[in-house]
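Visitor: Could you take me closely through one small part of this model, and then show me how the rest of the assembly is arranged around that starting point? I would like one connected account.

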Amino acid sequence: MEAIVALGIGALAGSGVWLILRPRTFQVIIGLSLLSYAINLFIIVMGRLRTGAPILASRAAGDPSQYADPLPQALVLTAIVISFATTALFLVVLLASRGLTGTDHVDGREPEP
Amino acid sequence: MSGIADHLVIAPIVLPLVAGAVMLLFGERGRTAKAAINVGSTLGLVAIAVALLTSTAASSDGAAATYRLGDWPVPFAIVLVADRLSALMLLLTSLLAAAAVVFSLARWHRAGAHFHSLFQFLLMGLNGAFLTGDLFNLFVFFELMLAASYGLALHGSGPVRVRAGLHYIVVNLAASLLFLVGVSLIYGVSGTLNMADLAARIPGIAPQSRGLLEAGAAVLATAFLLKAGMWPLCFWLPTTYAAASPPVAAVFAIMTKVGAYIVLRLWLLLFGEAAGASAHFGGDVLLLGGLATVAFGAIGTLASQDLPRLAAHSVLVSSGTVLAAMGMGETGVTAGALFYMVSSTLALGALFLLVELVERGREPGADVLAVTREAYGDDDLEDEEEVGLAIPATMGMLGLAFIGCALVIAGLPPLSGFVAKFALLTAALNPAGSAGVSTASWALLAILIVSGLAAVVAMTRAGMRSFWASPDRAVPRVRLIEMGPVAILLILCALQTIQAGPVMRYMHATAQSLHTPQSYVRDVLQAEPGAEARRAGPT
């Protein structure tokens with residue numbers, strides 16, 4: 001299970017980094033989104049992977065060792081909200097840049113051929 | 001302390017939050033009311049910061065005032081901690097912000113939507129980042145600050161700002177993701193996010209986990225150093241700062257210092273003497289990176305074609321000096337660096353404001369302003385009547401202020417830049433032990449002197465071009481509320497010079513408590529549950 005999750009995070013992060021380095025603003029925003037998915041998974045994994053851990057065990061209520069670590073889940077929720085908001089903001093700037101400069105290149109002008 | 005005084009620690013966060021939210025209700029109307037709220041709130045922050053500063057300075061052992069949100073016991077609570085360094089940074093931020101907001105009232109606050117609200121939210125994020133004692137809470141305040149700064153960087157609009165803003169946002173979004181990686185790695189290893197608790201746990205980390213912890217800290221530091229503009233993470237900075245509107249750029253001068261502040265706090269807290277095998281982890285990177293940043297910034301100032309870029313590269317020099325001095329890891333040098341940080345930030349803020357006044361003779365932003373005036377309506381026609389002081393005196397005042405900024409930034413006597421560099425280098429050349437002067441100290445000495453020379457050359461050239469060499473230029477029309485803030489920032493630098501003794505003592509006490517973080521850890525972890533901090537929940 002660790003290997004699958006690690007591979008998934010790696011694939012997402014790798015694609016994200018590659019896309020961020022591309023010259024078109026749309027590629028950059030997709031890259032940032034993929035990268036933030038990778039990071040969110042990473043935060044969850046940092047709370048240790050456990051299969052079949054109950055939300056609330058019927059008999060062992062009150063024993064914290066029985067539960068999945070709730071803190072990374074709280075962190076990841078915050079991170080999702082924040083990265084969603086900032087990505088939306090970036091989308092607006094991207095459109096403004098497209099409108100003002102007439103190109104979707106990240107430098108605001110087409111490179112010399 | 002009792003009653004309302006206990007809640008003073010959270011006031012620098014709550015006040016701008018409330019002020020910013022209230023101003024949102026006005027929409028595009030009520031500009032005068034919004035301006036009044038903004039100025040009132042910012043001046044309120046100055047008062048709060050002064051109160052916090054005097055209360056921390058008064059306690060002889062520099063005890064950190066700890067505020068537990070929701071009154072949870074400490075390792076679980078999100079804590080706000082106001083110690084000497086936090087109080088100092090709060091005061092610096094609020095002074096700079098007060099100058100910028102008064103300056104903006106002349107005309108810049110009309111150049112775009114929601115300037116006043118965004119400004120208050122930026123202050124909230126900054127103050128929160130300075131006060132928080134929790135890593136994840138720090139992330140939240142950082143994002144608040146950045147989200148507001150994205151809006152402010154685009155304030156005034158125009159292709160140049162949008163292009164610079166695009167880069168700024170991408171770079172900072174990527175850095176925020178690195179921040180999260182760092183925080184979660186540290187949490188995964190240590191199981192805590194409370195800075196004080198973390199400092200207490202680090203010596204006991206198992207050797208096989210230590211690599212992971214250090215990797216986490218390094219990733220985290222990358223995010224902060226990017227904010228601080230350390231070479232080679234600084235290429236976004238000059239363009240963004242030069243493109244931002246002047247009052248915004250003046251406040252942004254403190255944003256690089258947020259990065260430096262957090263590196264200083266966390267590095268000395270987590271990797272101080274007590275950290276066992278991890279002690280002084282990464283100190284060399286800070287030192288070398290800082291020196292490289294100073295060199296890059298100095299070359300940048302020499303190469304700058306216009307005043308805004310010159311000011312932006314001076315930000316790099318200032319930030320690099322602070323980072324390099326921190327990397328020395330000596331109490332005296334840190335104290336000098338703090339003194340330098342205060343004086344250079346004030347002077348840079350003044351310079352960013354001044355640059356616009358000087359450049360106004362050429363009116364590069366005139367078309368932008370004309371467009372926004374059309375878009376938002378110019379209902380303040382009565383302003384036009386009071387425009388302009390007597391004409392020849394204007395250039396004289398501007399020139400005098402420019403010389404003041406140049407003196408502080410280059411570190412020449414008689415202003416505070418000289419005192420700061422002198423204190424810094426004296427401490428670096430007289431190390432505490434009998435080890436003799438290290439190579440690092442000599443390198444710091446050489447590069448600081450050379451960067452000072454570069455600053456003198458660049459500022460002289462720019463000053464001559466602006467004030468002497470263009471006979472046919474129009475004399476800029478400058479209003480008193482634009483010149484006032486610049487003058488006040490420079491007067492603060494002068495006061496810092498006159499009161500150098502007491503200020504330096506405060507910096508020494510601050511550096512002392514930073515280098516012996518045990519008292520900070522004890523103050524935070526042993527904060528008594530029950531007595532205070534009952535009301536406010538997490539924001």
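Guide: In strand β2 (residues 79–82) of chain B, the side chains alternate: V79(B) and V81(B) point one way, L80(B) and A82(B) point the other way, and all are buried. The model is a predicted one, and what follows should be read in that light. The partner of β2(B) is strand β1 (residues 65–68) of chain B, which runs antiparallel to β2(B) and is joined to it by 4 bridges. Within this pairing, A65(B) stands opposite A82(B).

Around these strands, chain B is built with 20 helices and 2 strands. Of its 539 residues, 58% are buried, and among its contacts with a separation of 6 or more, 81% are between residues 24 or more positions apart. The largest nonpolar core holds 228 residues, and L96(B), V263(B), A350(B) and L354(B) are those with the most contacts inside it. Taking L354(B) as an example, and setting aside residues up to four places away in sequence, one finds that L354(B) touches L398(B), A401(B), F402(B), C405(B) and V486(B).

Two helices of chain B can be followed in more detail. Helix α11(B), residues 283–303, has 21 residues and reaches 30 Å from its first C-alpha to its last, close to the 30 Å expected at 1.5 Å a residue. Its buried residues include L286(B), L287(B), G289(B), G290(B), L291(B), F296(B) and G300(B), and the buried residues of α11(B) pack against α8 (207–228), α9 (237–243), α12 (307–328) and α17 (439–467) of chain B. The last of these, α17(B), has 29 residues that should span 42 Å at 1.5 Å a residue, and its end C-alpha atoms are 41 Å apart, which agrees. Among the buried residues of α17(B) are A440(B), L444(B), I447(B), L448(B), S451(B), A455(B) and M459(B). In reading such a list, it helps to recall that an α-helix has 3.6 residues a turn, so residues three or four places apart point the same way.

A charged residue also deserves a look, namely R161(B), which has its place in helix α6 (residues 159–190) of chain B. R161(B) counts as buried because 25 other C-beta atoms lie within 10 Å, where 20 or more are required. Leaving aside neighbours within four places in sequence, R161(B) is in contact with A153(B), L154(B), G156(B) and A243(B). R161(B) and S245(B) are 84 residues apart in sequence, yet their C-alpha atoms are 8.6 Å apart in space.

Chain A, by contrast with these 20 helices and 2 strands of chain B, has 3 helices and 0 strands, and its elements run α-α-α from the N terminus on. Of the 113 residues of chain A, 27% count as buried, and among its contacts between residues at least 6 apart in sequence, 56% join residues at least 24 apart.

Where the two chains meet, the contact takes 26 residues from chain A and 22 residues from chain B. On the side of chain A that touches chain B, the elements giving two or more residues are α2 (25–46) and α3 (70–101) of chain A, with the largest share, 15 residues, coming from α3(A). By class, that side of chain A has 20 nonpolar and 6 polar residues, and no charged residues.

Technical notes:
Residues numbered from 1 in each chain as written. Chains lettered and ligands numbered in written order. Predicted model: local features only at pLDDT ≥ 70, side-chain atom pairs only at ≥ 80, totals over all residues. Contact = placed C-beta atoms within 7 Å. Buried ≥ 20, exposed ≤ 12 C-beta atoms within 10 Å, placed from the backbone. Expected span 1.5 Å × (residues − 1). Core = buried A, V, L, I, M, F, W, Y, C linked by C-beta atoms within 7 Å. Pairing = 2+ DSSP bridges.
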